[in-house]
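Here is a short report on a ligand site and the pocket that holds it. The sequence and structure come first.

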Amino acid sequence: MSEAFTHTDLPHLAKRVLRLGVAGNYGLKTADIHHAAERGVGYWLWTPRFTSVTPALRGILPRERERHVVATLGMAYTGGMVRRGVEKALRVLGTDYIDIYQLGWLGRTSLLTAGIQDVLRKLKDEGKIKAVGTSIHDRPRAGRLARDSVLDAFMLRYNAKHPGAEQDVFPHLDVRRPVVIAYTATSWRQLLRPISGLEMPPWPGPSDNGPPPPPLTAGLCYRFCLTSPHVHVVLTGPRNRPQLDENLAALDAGPLSPDEEAWVRDYGRKVKARKRLPYV
Ligand SMILES: NC(=O)c1ccc[n+]([C@@H]2O[C@H](COP(=O)([O-])OP(=O)(O)OC[C@H]3O[C@@H](n4cnc5c(N)ncnc54)[C@H](OP(=O)(O)O)[C@@H]3O)[C@@H](O)[C@H]2O)c1
């Protein structure tokens, strides 16, 4: 598959990474993180609680810092909490800078006060963080912040069941071109599980890895996100090495064809009609 699909140049960071980013907190072991890095993964979601990831990054980062992007998620209600979170991350990882410091779940578990923005600017000036981002579920607010804010990166819920970022956020990206990281690609695994009585036309694409959909494979979920030209990186949270390898291999199939994409969207709509979440 051409690098135009599998890799991306991240704005604000001047780094090129594989578009599948790894979140190692769902079961990967330290050796799996080394394995992922050897297979080309360069984007890592990390917090100090990702204890099996930490020893791997501590080994990898001093050797090849320029090839890797570390994005942290912090809970912060004050500038002091931001600074302490960043400085702890630097200590624990044994590195000089964090690529993207993300305010976790903006509006719920973190705030964007004037004091916090001031500290974020200072941390950038000090070279301790390169970019500032957030994970945010309030999509209209994300759209406004994408147009005008100190934020350089947005970690957004985006999947075939919840494609609302296409209306609420993506049209606002041209103004400042922030980094977009999609997560919940599998919609909390709902897209991976069979749903009884859900009628679909035949799958229009090839199905060389087991039975054709439905349900979706994890690979199709990640490829759906990456088919959007607005998404730089999609996060995968594999439970184990076989899942990691399967998800990396899925990138080789490239973007969804228009027929496959239409089918996946239709499937997501039907799943949503059947399985509602309180925060949809
Ligand atoms: N989801 C959220 O609301 C949320 C909120 C804040 C932060 N985050 C963070 O975002 C990161 C990514 O989470 P995510 O929800 O976006 O991850 P995800 O990749 O959408 O889902 C991970 C789950 O999908 C299943 N899966 C992955 N690959 C598979 C494969 N090849 N075959 C079968 N099943 C497969 C596994 O389920 P099984 O374990 O059942 O096998 C795995 O635990 C994590 O660090 C998470 O903590 C998530």
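## Pocket lining

Helix 4 (79–93) gives the most to the lining of the largest pocket: five residues. The model is predicted. Other elements that each supply at least two lining residues include strand 4 (43–46), strand 5 (69–74) and strand 10 (233–236). Helix 8 and helix 9 also do so.

In total, 43 residues line this pocket. Ala23, Asn25, Tyr26, Leu45 and Phe50 lie nearest its centre. By class, the lining has 21 nonpolar, 15 polar and seven charged residues. The pocket holds about 1,400 Å³ of space.

## Ligand shell

The ligand takes up space in the largest pocket. Two elements give two or more residues to the shell around the ligand: helix 8 (218–227) and helix 9 (241–250). Helix 9 gives the most, with three residues.

The shell has 20 residues. Those that come nearest the ligand are Asn25, Thr184, Arg189, Tyr222 and Arg239. The shell divides into ten nonpolar, seven polar and three charged residues.

## Polar contacts and cover

Arg239 places a polar side-chain atom 2.7 Å from an oxygen atom of the ligand. Two other side chains face ligand nitrogen: a polar atom of Asn247 lies 2.9 Å from a nitrogen atom, and a polar atom of Glu246 lies 3.4 Å from a nitrogen atom.

On its own, the ligand has 900 Å² of accessible area, and the protein covers 82% of that.

Methods. Residues numbered from 1 in each chain as written. Predicted model: local features only at pLDDT ≥ 70, side-chain atom pairs only at ≥ 80, totals over all residues. Heavy atoms only, no water. Near = heavy atom within 4 Å. Polar contact = N/O pair within 3.5 Å; in protein donor to acceptor, adjacent residues only side chain to side chain. Areas by Shrake-Rupley, 256 points an atom, 1.4 Å probe, with all protein chains shown as cover. 1 Å grid on protein atoms, 1.4 Å probe; cavity = no way out; pocket = protein on both sides within 12 Å on 5 of 7 lines; lining within 4 Å. Sits in = over half its atoms within 2 Å of the grid points. Helix = DSSP H or I, 4+ residues; strand = E, 2+ residues; numbered from the N terminus. Nonpolar A, V, L, I, M, F, W, Y, C, P; charged D, E, K, R; others polar. Points joined across faces, edges and corners; volume = space filled by probe spheres on them.
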